[in-house]
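The report below introduces one protein model to a reader who has not met it before. It moves from a single loop residue to the whole chain, and then to some helices and further residues.

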Amino acid sequence: MAAKAGDNPDSLMALSTAFCLRNLRRTMCYLGDGNKLCLRSDVFLPSEICDKLVNTYMELVHSDSSFEPQDGFFQLFSDPRSTRLTRVQLREDLVWDRDLEAIGKQDLIELHLTYCNSLSARSLKTLASFRQTLVSLSLFGCSHIFYRKGGAPLAYNEDGEEEEEEEQQWPASRQALDTDFSFQGFNRLRLLNLGGLPEEVDPEALLKPLPALTSLDLSGVQLPRAAFLAQWKERLASLVLYNVDLSEELVNTVVELGHLRHLDISRERTSKFKMTRKILTAIVQGLVNLVSLDISGHIMLDNCTVPHLEEAMGRPSIEPCKSSIYPFQELKRPLQFLGLYNTTLCNVTHIPAYKVTGSKNEDQVLNAIEAYTEFRPELAHRAINQLFDIARIQHCSQLLRALQLVIAALKCHKYEKSVQVTGSAALFYLTNTEYRSDQSMRLRRQVIQVVLNGMEQYQEVTVQRNCCLTLCNFSIPEELEFQYGRVNLLLLKILEPARQDESIQRIAVHLCNALVCQVDNHHKEAVGKMGFVKVGETAILCDQVMEFSWSALWNITDETPDNCQMFLNCRGMSLFLDCLKEFPDKQELHRNMLGLLGNVAEVRALRPQLLTPQFISVFSDLLDSKADGIEVSYNACGVLSHIVFDGPEAWGMEEPLRDTVMDKMMAAIQSWDVTSRRNINYRSFEPILRLLPQSIAPVSQHWATWALFNLVSVYPSKYCPLLVKEGGIVLLEKVLELQTSHEETKDMKIQKCQWWRCCCFIFRTTFL
């Protein structure tokens with residue numbers, strides 16, 4: 001049998017690493033003085049394990065809400081005699097100056113810092129401690145690292161260490177540019193990413209001490225004097241100038257960098273610069289070693305492409321000689337990568353490259369998401385939006401790749417609203433019924449995780465709606481059970497009274513209903529304690545979600561006394577009467593409400609609260625209802641059956657008389673068609689069976705017998721085994737022995753014995 005998409009399990013290394021990080025004190029750490037986390041003295045961790053621990057820690061912090069950041073985590077790697085770090089990737093604002101200082105004695109080879117806006121110039125001093133070993137460094141988006149925190153003098157804690165300031169964004173008045181830092185001494189540094197370097201920092205002065213660079217990323221950096229790039233013309237193999245304003249001088253300088261294998265001059269924002277045939281030809285002729293080129297986002301002049309009628313015939317080709325783009329006909333071999341996203345060139349027939357980004361087809365769009373996700377969320381957002389259209393209107397042929405790329409984008413840009421909106425919308429279509437059979441459980445769990453992350457991070461209507469709709473594509477509660485509590489808390493937040501969007505609330509109530517429909521009672525009790533009963537009753541006040549809310553409350557109170565008590569405590573009976581009065585013709589509403597009250601009536605301690613003239617009169621009147629077949633009458637009779645089961649001493653009312661109510665119940669039962677197909681689902685017969693062996697309320701016994709007869713005869717394969725399993729046959733036999741049993745009740749047993757034979761047959765085939 002073929003494996004489903006994403007079926008490969010996590011490696012033992014990945015599982016072990018995650019386990020250790022979730023259980024630091026049980027595995028390799030202890031709490032030292034001042035409750036500081038310390039590494040055990042008998043632990044030595046090589047670089048392969050240390051790198052994995054740190055990088056997985058960062059991933060868990062950003063993608064798993066159940067994982068709590070551990071204060072002092074980086075201090076565990078402060079001593080290179082017991083831990084060895086070589087390759088570290090840190091992201092976002094959770095990384096502070098003190099964290100970098102903690103690993104300052106390590107011989108790092110690679111250090112990638114991405115959007116670490118909590119770092120200040122204090123971390124530049126730590127960088128200097130890595131200058132002897134560092135080969136690859138990224139400071140992409142670390143906008144504050146070249147500034148000192150100005151203003152008040154530095155504070156110190158009791159240990160004499162500088163205290164970390166809690167502000168993540170410092171006012172301009174408190175920033176002072178650090179002019180002391182230099183890359184002098186970083187002799188091994190070959191790869192450098194300074195994307196997003198502030199305008200006040202002079203890139204030429206900063207980079208001058210690095211003559212041996214082979215890869216340089218200056219995305220978004222202002223280059224007033226482009227000529228300085230020529231100092232690397234004999235060595236530079238990769239140059240990224242994304243969103244850098246191009247000029248004739250800059251292009252001429254770039255063309256001189258004859259060793260370039262990768263050139264990225266793409267852009268996202270508009271520019272006066274026009275990409276001409278002459279410029280492209282100069283790039284191809286000057287950079288003969290080029291294997292990767294990105295010119296996405298540029299306005300292309302028409303003379304770059306071969307007229308459509310003159311294009312080579314036949315299937316699309318990657319041979320340079322057939323290229324539909326004139327300048328690329330001079331390539332000696334096809335490019336490995338060509339970025340043409342948001343250009344007209346991506347639409348031509350013959351493109352001499354193995355991998356192309358663009359918007360012409362699914363392959364180009366997926367390539368764009370893959371290429372731009374990490375550092376260019378603005379482009380990834382556009383590409384994911386185009387994937388959304390493909391999945392919605394056409395058909396996604398590369399499902400596994402598409403899902404993995406969208407999941408990666410949502411994880412990487414948890415705080416980027418545009419990515420969350422388009423990503424969650426794409427997931428809705430990529431997980432629907434059409435694609436479901438091709439997806440593994442592991443992959444679908446990953447989808448659920450990122451969807452819940454988005455719901456936690458963004459209370460905005462569009463994200464919430466997309467995420468809720470995506471969850472509806474899953475088997476509930478089975479596929480959501482591994483995140484059961486988390487899902488319910490998020491849905492309850494949507495149902496809070498302050499929320500105004502009724503369409504989302506309707507979806508949320510539907511999901512809540514499905515989540516509590518077929519789960520164990522401890523799950524229902526947990527959801528009740530989270531506040532669902534109270535929130536559900538509040539949601540009843542909204543017409544749009546009223547029926548869903550009563551249905552959900554019916555499910556959550558099933559065999560759960562605590563939740564039934566909460567329902568009564570939250571004015572549940574008043575709401576019942578109000579809804580009955582306001583909506584006298586809503587049949588499903590009446591069924592749901594009485595089904596819920598049936599659950600309440602099953603709890604002996606709560607029945608006295610139902611035993612009032614007003615409530616008993618209402619239940620008695622509903623016995624005559626023909627709404628929803630027999631369901632409303634059946635449920636009303638069920639409520640009364642449990643109440644009269646407590647005997648005449650408990651009745652305590654002059655009106656209506658208990659005997660009168662019981663006569664009316666008997667007449668209602670006799671009016672029902674015993675072959676009726678039911679809109680109901682029993683997980684257990686125990687509440688019904690307890691009404692059988694008694695003489696104090698024969699009508700309750702008759703209702704219970706009728707209910708069992710109906711269910712077992714209409715749905716034998718489902719309910720016969722349940723009746724046998726729970727000892728129902730023995731209890732029904734005892735009904736015959738009771739003189740108080742109605743003859744109609746006994747007759748149902750004696751004359752229509754085929755259902756007993758059916759029970760015995762099912763019993764033999766199922767259990768023997």
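Leaving aside residues up to four places away in sequence, D673 touches W706 and N710, where contact means heavy atoms within 4.5 Å. The model is a predicted one, in which local features need pLDDT of at least 70 and side-chain atom pairs count only at pLDDT 80 or more, while totals for chains, interfaces and linings use all residues. Residues are numbered from 1 along each chain as its sequence is written, and side-chain values use heavy atoms, with hydrogens and water left out.

D673 sits in the loop between α27 (658–671) and α28 (686–689); helices (H or I, at least four residues) and strands (E, at least two) are DSSP runs, numbered from the N terminus. With a relative accessible area of 44%, D673 is partly exposed, a class that lies between buried (under 20% relative accessible area) and exposed (over 50%), computed with a 1.4 Å probe on protein chains only. Its side chain is joined to that of T675 by a polar contact of 2.8 Å, that is, a pair of N or O atoms within 3.5 Å, of which, within protein, one must be able to donate a hydrogen and the other to accept it, and residues adjacent in sequence count only if both atoms are side-chain atoms. The C-alpha atoms of D673 and N710 are separated by 8.8 Å, although the two residues are 37 residues apart along the chain.

For the chain as a whole, the secondary structure comes to 33 helices and 16 strands, and buried residues make up 55% of the 768 residues. Of the contacts between residues at least 6 apart in sequence, 68% join residues at least 24 apart.

Four residues can be set side by side by place and accessibility.

| Residue | Place | Relative accessibility |
|---|---|---|
| D673 | loop between α27 and α28 | 44%, partly exposed |
| P46 | loop between β2 and α3 | 28%, partly exposed |
| N599 | helix α23 | 5%, buried |
| S324 | loop between β14 and β15 | 1%, buried |

Not counting residues up to four places away in sequence, S324 touches C304, T305, V306, E311, V348, T349 and H350, and N599, on the same basis, touches W554, T557, D558 and C564. P46 and S82 are 36 residues apart in sequence, and their C-alpha atoms are 8.1 Å apart in space.

How do two of the helices pack? Helix α9 (residues 362–372) and helix α11 (residues 399–412) pack at an angle of about 30 degrees, with their axes 10 Å apart. The two helices are therefore roughly parallel to each other, a term that covers angles under 35 degrees. The contact is made by D363, L366, N367, I369 and E370 of α9 together with R401, A402 and L405 of α11.

In helix α15 (residues 461–471), the buried residues are V463, Q464, N466, C467, C468, T470 and L471. What covers these buried residues includes α12 (417–430), α14 (441–457), α16 (484–494) and α17 (502–517). The N-terminal end of α15 is capped by E460, of which a side-chain oxygen lies 3.0 Å from the backbone nitrogen of T462.

Methods:
Axes fitted to C-alpha atoms, helices over the stretch in contact; angles between N-to-C directions. Parallel < 35°, antiparallel > 145°, perpendicular 65-115°, else oblique.
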